[in-house]
Amino acid sequence: MNGKSLRLALIAGAASVVVGTAAYADMMQSVGKGEGEVDIVAWAGYIERGENDKNYDWVTAFEKDTGCKVTVKVAATSDEMVSLMNGGGFDLVTASGDASLRLVAGGTVQEINTALVPSFNTIDPRLQNAPWHTVGGKHYGVPYQWGPNVLMYNAKVFPNAPQSWDVVFESMKFPDGKSNKGRVQAYYGPIYIADAALYLMHDKPELGIKDPYELTKEQFDAAVDLLKGQRQIVQKYWSDATAQTEDFINEGVVAAPSWPYQVNLLRGGGKVQIGSTVPAEGATGWADTTMMHAKAAHPNCAYMWLEHSLAKDVQAGVASWFGSVPVVPAACKGNALLTDTGCETNGIANFSRIHFWKTPVADCGDDRGKTCVPYKDWVSAYQAIQSGT
């Protein structure tokens, strides 16, 4: 078994728990003196201390004010985050919706006492009780940022933004007259099956897909077949954000699903003309939640960070750097880094067009008795796609 296969097998095992299991740590009732440090698993670009750009630093002041030294472990995928948190040794994680419920189900994260996070009521009401961090009326995290998985493209190859995700799913010639084979990428992870399902919602409406994370066996098989065909044209399945930017600069990649973070990096570098869009089908996306480990070694510092993470300047700084949208709407105005038009640029108007990542489960949908393909089967199928079997 190769490294990728082993990793996917471990993920499948971790995902086999039934969502609904209560976390086993008692909810904290007060915040005491900080323990001197806080260890966080985060997406690249989410926690900056000015090392990449001195203007983007929301760590140094926190450390000075609280005495809590921030240590960050960058994770490339949601599955890596689940694995790291299950292994222990971390206090917090910026989990996307395809990881958060797995962490709740496994008892890996604890219930958050929102009364100890005074700024919680400043969060967008659409996110305060979102189902990817709220279970049985209990909050298992604090929203952090959200955004779409955009279609990033080389603007020299595409004078006009692509109108459909078909450019990365179907064999075709691009506007420059060259084939797309070996010039497109796909995202590395079982949750990418949802992107295929989203495309099929519009390309093959007869399948009856209503939610790309709630798929019957027939719908799921159609999405898997699409990805098996896509395998013939992809240059690489990306998981490292920085590596993807290099592929656009040096490896001839001209279209791929991506994050606004890579779009910003490439535009700032000036080596390639980059555009991004949310095509006609809409997009999958992420609404990330900062969650606390059930056995966090530094819970007081962790709660201090949860409150700090909602400060308007922090929210605006992250959004400006990453290309995301703040969960605190007030952060959209009055910040020089984000500017008063930054939230619009980063897609705040796309909220209703985004199908946010969530963990696929067997018991799904509003139809009584409906059975969907659970996440463990997504992992198995994705492994087969990767191996070409």
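Colleague: Is the disulfide of C364 and C372 left-handed or right-handed?
Modeller: In this predicted model, a disulfide joins C364 to C372 with an S to S distance of 1.8 Å. The torsion about the S-S bond of this pair is about 70°, so the disulfide of C364 and C372 is right-handed.

Colleague: Are C364 and C372 buried or exposed?
Modeller: The criterion needed here is that a residue counts as buried under 20% relative accessible area. C364 has a relative accessible area of 4%, and C372 is likewise assigned a relative accessibility of 4%. Since both values fall under that cut-off, C364 and C372 count as buried.

Colleague: Which parts of the structure does the pair of C68 and C301 tie together, and how many residues apart in sequence are they?
Modeller: The sulfur atoms of C68 and C301 are joined in a disulfide with an S to S distance of 2.0 Å. C68 belongs to the loop between α2 (60–66) and β2 (69–74), whereas C301 belongs to helix α11 (residues 299–308), so the pair ties together parts whose separation in sequence is 233 residues.

Colleague: What is the torsion about the S-S bond of C68 and C301?
Modeller: Both cysteines of this link, C68 and C301, are buried. Their disulfide is left-handed, because the torsion about the S-S bond is about -80°.

Colleague: How many residues apart in sequence are the parts that C332 and C343 tie together?
Modeller: C332 and C343 form a disulfide in which the sulfur atoms are 2.1 Å apart, and the link is left-handed, with -90° about the S-S bond. C332 sits in the loop between β13 (325–326) and α13 (342–345) and C343 in helix α13, so the parts tied together by this pair are separated in sequence by 11 residues.

Colleague: What is the relative accessible area of C332, and what is that of C343?
Modeller: Each of the two cysteines is buried, C332 as well as C343, because a residue under 20% relative accessible area is classed in that way. The relative accessible area is 7% for C332, and for C343 the value is 4%.

Colleague: Which pattern do the disulfides of the protein chain follow?
Modeller: The structure holds 3 disulfides. With the bonded cysteines counted along the chain, the pattern of these disulfides is 1-2, 3-4, 5-6.

Colleague: Which elements do the buried residues of α7 pack against?
Modeller: Helix α7 (residues 193–203) has 9 of its 11 residues buried, so it is largely enclosed by the rest of the structure. Among the buried residues of α7 are I193, D195, Y199 and M201. The elements against which the buried residues of α7 pack are α6 (166–169), α8 (217–230), β12 (283–292), β14 (354–356) and α14 (375–387).

Colleague: In which helix does E63 lie, the residue that R49 is paired with?
Modeller: R49 forms a salt bridge with E63, and the closest N and O atoms are 2.8 Å apart. R49 is placed in the loop between β1 (37–42) and α2, and the two residues are 14 apart in sequence, so the bridge ties that loop to the helix holding E63, α2.

Colleague: Is R49 buried or partly exposed, and what is its relative accessible area?
Modeller: Its partner E63 is buried, at a relative accessible area of 17%. R49, by contrast, is partly exposed, and its relative accessible area is 26%.

Colleague: Which residues are joined into one network by salt bridges that share partners?
Modeller: The side chains of K358 and D211 meet in a salt bridge with an N to O distance of 2.9 Å. K358 lies in the loop between β14 and α14 and D211 in the loop between α7 and α8, so this pair ties together parts that are 147 residues apart in sequence. Through shared salt-bridge partners, one network is formed by D211, E214 and K358.

Colleague: Which residue of β10 does Y153 stand opposite?
Modeller: Strand β7 (residues 150–154) pairs with β10 in the antiparallel sense over 4 bridges. Within β10 (residues 255–258), A255 and P257 point one way and A256 and S258 the other way, and all are buried. The β10 residue that stands opposite Y153 is A255.

Technical notes:
Residues numbered from 1 in each chain as written. Predicted model: local features only at pLDDT ≥ 70, side-chain atom pairs only at ≥ 80, totals over all residues. Heavy atoms only, no water. Disulfide = S-S within 2.5 Å. Buried < 20%, exposed > 50% of the residue type's maximum accessible area, 1.4 Å probe, protein only. Contact = heavy atoms within 4.5 Å. Salt bridge = Lys/Arg side-chain N within 4 Å of Asp/Glu carboxyl O. Pairing = 2+ DSSP bridges.
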